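Trainee: Could you walk me through this structure and show me how each label is earned?

Mentor: Sure, have a look first and then we'll start with a ligand.

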Amino acid sequence: MDRKALRSALRDRRRALSELQQEQAAAGVLQQLKQLPEFSRSRKLAVYLANDGEISPECIVRHAWAEGKSCYLPVLNNNDKTKMHFQRYTPETVLLPNRFNIPEPVLDLSLCIPATELDLVLMPLTGFDESGGRLGMGGGFYDRTFAFVKTADKPVLVGLAHECQKVESIPVAEWDVLMSWVVTGDKAYKTSKKLPDDKRGATRRF
Ligand SMILES: Nc1nc2c(c(=O)[nH]1)N(C=O)[C@@H](CNc1ccc(C(=O)N[C@@H](CCC(=O)O)C(=O)O)cc1)CN2
Ligand SMILES: Nc1ncnc2c1ncn2[C@@H]1O[C@H](COP(=O)(O)OP(=O)(O)OP(=O)(O)O)[C@@H](O)[C@H]1O
């Protein structure tokens with residue numbers, strides 16, 4: 001299956017979850033995340049506001065605030081439409097829908113930090129595999145914004161997902177940034193962050 005067909009099938013799966021399944025998964029993901037030293041150590045955390053059946057980081061945000069961590073939300077960059085800003089998120093933050101109808105903070109550059117200063121990034125996804133392969137919404141925003149992570153030791157990239165979003169293998173594109181962890185309501189997957197040899201070089205067409 002190509003990326004587009006896979007994305008569409010996985011989005012349908014995500015949207016089919018009941019409210020109760022969503023709540024249980026969101027609570028489980030916080031329990032799993034609390035076990036990760038990378039999360040406990042993090043002071044500056046990128047989060048997102050759930051959309052289209054994505055697992056919600058809301059309880060993680062409340063926990064992080066209570067622990068004195070700083071949370072940041074993605075804001076689409078209107079000058080460089082391929083990248084995102086990360087702006088401080090507090091209970092007072094004023095949110096407005098962006099062009100995809102996802103609420104985001106009204107841009108205030110004085111509240112934004114460079115992506116290189118984040119300790120940990122919670123990434124939404126439509127699909128994942130145990131090697132750290134990620135399929136997003138198709139905008140390439142996370143891939144472009146965090147392309148530098150391939151040669152940096154920070155931030156740690158952690159995908160949040162429903163168990164039903166796991167697939168055997170995501171067709172990896174050359175620009176894909178691999179995640180170090182994928183956390184679901186049931187389990188934290190430490191990914192191998194390495195492409196199997198048979199996938200190398202076979203990626204350009206996606
Ligand atoms: N919660 C959340 N926030 C996020 C992302 C995300 O995936 N999830 N993004 C991660 O990149 C960025 C937004 N990227 C997105 C890319 C495409 C669509 C989307 O719904 N596309 C529609 C077409 C909409 C249109 O063209 O107007 C679609 O595919 O049906 C949504 C968000 C920033 N914020
Ligand atoms: N680092 C990059 N440099 C150049 N182009 C890129 C880069 N990353 C992604 N792209 C472009 O973005 C498009 C969408 O990429 P892809 O399908 O991997 O998005 P995604 O990972 O599903 O979305 P997102 O990261 O927003 O959640 C690709 O067609 C590709 O052309």
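Mentor: This is a predicted model. Ligand 2 has 15 residues around it, and G136, G140, Y142, D143 and W175 are the closest.

Trainee: What makes a residue count as being around a ligand?

Mentor: The cut-off is 6 Å from the C-beta atom, placed from the backbone, to the molecule. For ligand 2, 15 residues surround the molecule.

Trainee: Which helix gives the most to the shell around ligand 2?

Mentor: That's helix α5, residues 141–145, with 4 residues. By class, the shell around ligand 2 holds 7 nonpolar, 4 polar and 4 charged residues.

Trainee: And which residues come nearest to ligand 1?

Mentor: F100, P124, M137, G139 and F141, out of 16 around ligand 1. That shell splits into 11 nonpolar, 4 polar and 1 charged.

Trainee: On to the helices. Why is α2 called oblique to α4?

Mentor: Check the angle: α2 (residues 19–34) and α4 (residues 58–66) pack at about 45°, and their axes are 8 Å apart. Angles under 35 degrees count as roughly parallel, and 65 to 115 as roughly perpendicular. The angle of about 45° fits neither range, so α2 is oblique to α4.

Trainee: Which residues meet there?

Mentor: From α2 you have A26, A27, V29, L30 and L33, and they meet E58, C59, I60 and H63 of α4. The contact has 7 nonpolar residues, 1 polar and 1 charged.

Trainee: How do you know that β1 and β2 pair?

Mentor: Count the bridges: two strands pair if there are at least two between them. Strand β1 (residues 44–46) and strand β2 (residues 70–76) have 3 bridges, so they pair, and they run parallel. One bridge to look up is A46, whose partner in β2 is Y72. With α4, these two strands make a right-handed β-α-β unit.

Trainee: What about β2 and β3?

Mentor: Those are joined by 6 bridges and run antiparallel; β3 covers residues 84–89. For instance, L73 has Q87 in β3 as its bridge partner.

Trainee: What is the order of the strands in the open sheet?

Mentor: The 8 strands go β6-β3-β2-β1-β7-β10-β11-β12, and the pairing is mixed.

Trainee: Why are β6 and β12 called edge strands?

Mentor: β6 (112–113) and β12 (188–190) each have a single partner strand, so one side of each has no neighbour in the sheet. Elsewhere in the sheet, β10 (residues 156–160) and β11 (residues 181–183) pair in the parallel sense over 3 bridges. There, L160 has V183 of β11 as its bridge partner.

Trainee: How do you know that the peptide bond from K154 to P155 is cis?

Mentor: Look at omega, which is near 0° for that bond. You'll find P155 in the loop between α5 and β10.

Trainee: And what stands out about the phi of D52?

Mentor: The phi of D52 is positive, about 55°, although D52 is not a glycine. D52 sits in the loop between β1 and α4.

Key:
Residues are numbered from 1 along each chain as its sequence is written. Chains are lettered from A and ligands numbered from 1 in the order in which they are written. This is a predicted model: local features need pLDDT of at least 70, side-chain atom pairs count only at pLDDT 80 or more; totals for chains, interfaces and linings use all residues. Axes are lines fitted to C-alpha atoms, for helices over the stretch in contact, and angles run from 0 to 180 degrees between N-to-C directions. Angles under 35 degrees count as roughly parallel, over 145 as roughly antiparallel, 65 to 115 as roughly perpendicular and the rest as oblique. Two residues are in contact if their C-beta atoms, placed from the backbone, lie within 7 Å. Ala, Val, Leu, Ile, Met, Phe, Trp, Tyr, Cys and Pro count as nonpolar, Asp, Glu, Lys and Arg as charged, and the others, Gly among them, as polar. A crossover is right-handed if, with the strands pointing away from the viewer, the path from the first strand over the helix to the second runs clockwise.
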